[in-house]
Amino acid sequence: MSTRPWIVDDALWVLIEPILPPWPERSPGPRPVADRLCLQGILYVLHHDIAWQLLPPELGFGSGQTCWRRLERWQQAGIFEQLRCILLAELHAAGQLDWSRAFVDSSHLRAKEGVATSVRRRSAGARRAAPTP
């Protein structure tokens, strides 16, 4: 593993760059920070578990606020779900996934409506407790 895991290498960037939304042509304000630098800034903040405003400007990733806004924009565009699927497909194709260790977490599955449940539920109008002597 790299000593700087927030640095996005060229091979990974080739997979990520095509799915990022284009920057609006008539965007107000200064020229935006490059997507790759913003992604590295996001990864830096996550890796070091620091507040966005503590992202060191001398690293060249843009401000913490810039990186946070880009993260929000990409999250709303569904980029990370797409990236997860792409990376899983790449790892699977390379034979680097051990599916025997995978499991389904039911807390993330939507319950099907109208399906009878086998769990007995307590009635809200339960029997009264027996009087104590």
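Here is a friendly chat about the salt bridges and helix α2 of this predicted model.

Me: How many salt bridges does a search of the whole structure find?
Reply: The search finds 3 salt bridges.

Me: What makes the contact between aspartate 10 and arginine 36 a salt bridge?
Reply: The N to O distance between their side chains is 2.8 Å. The cut-off is within 4 Å, so the pair counts as a salt bridge.

Me: Why can we say that this pair ties parts together?
Reply: Aspartate 10 lies in helix α1 (residues 10-16) and arginine 36 in helix α2 (residues 35-48), so the bridge joins parts that are 26 residues apart in sequence.

Me: Why is aspartate 10 called exposed?
Reply: Its relative accessible area is 54%. Exposed means over 50%, so aspartate 10 qualifies.

Me: And why is arginine 36 called partly exposed?
Reply: Arginine 36 has 23% relative accessibility. Buried needs under 20% and exposed needs over 50%, so arginine 36 falls in between.

Me: How do you know that arginine 70 forms a salt bridge with aspartate 35?
Reply: Their closest N and O atoms are 2.5 Å apart. That is within 4 Å, so the name fits. Arginine 70 lies in helix α3 (residues 64-76) and aspartate 35 in helix α2, so this pair ties together parts 35 residues apart in sequence.

Me: Are these two partners buried or partly exposed?
Reply: Arginine 70 has 3% relative accessibility, and under 20% means buried, so arginine 70 is buried. Aspartate 35 has 21%, so it counts as partly exposed.

Me: Where do arginine 84 and glutamate 81 lie?
Reply: Both lie in helix α4 (residues 79-93), 3 residues apart, about one turn of the helix. They form a salt bridge, with closest N and O atoms 2.7 Å apart. As background, an α-helix has 3.6 residues a turn, so residues three or four places apart point the same way.

Me: Why are arginine 84 and glutamate 81 called partly exposed?
Reply: Arginine 84 has a relative accessible area of 42%, and glutamate 81 has 43%. Neither value is under 20% or over 50%, so both residues are partly exposed.

Me: How do you know that the span of α2 agrees with its number of residues?
Reply: At 1.5 Å a residue, its 14 residues should span 20 Å, and its end C-alpha atoms are 20 Å apart, so the two agree.

Me: Which helices do the buried residues of α2 pack against?
Reply: They pack against α1 and α3. Among the buried residues of α2 are Cys38, Leu39 and Tyr44.

Note on methods
Residues numbered from 1 in each chain as written. Predicted model: local features only at pLDDT ≥ 70, side-chain atom pairs only at ≥ 80, totals over all residues. Heavy atoms only, no water. Helix = DSSP H or I, 4+ residues; strand = E, 2+ residues; numbered from the N terminus. Buried < 20%, exposed > 50% of the residue type's maximum accessible area, 1.4 Å probe, protein only. Expected span 1.5 Å × (residues − 1). Contact = heavy atoms within 4.5 Å.
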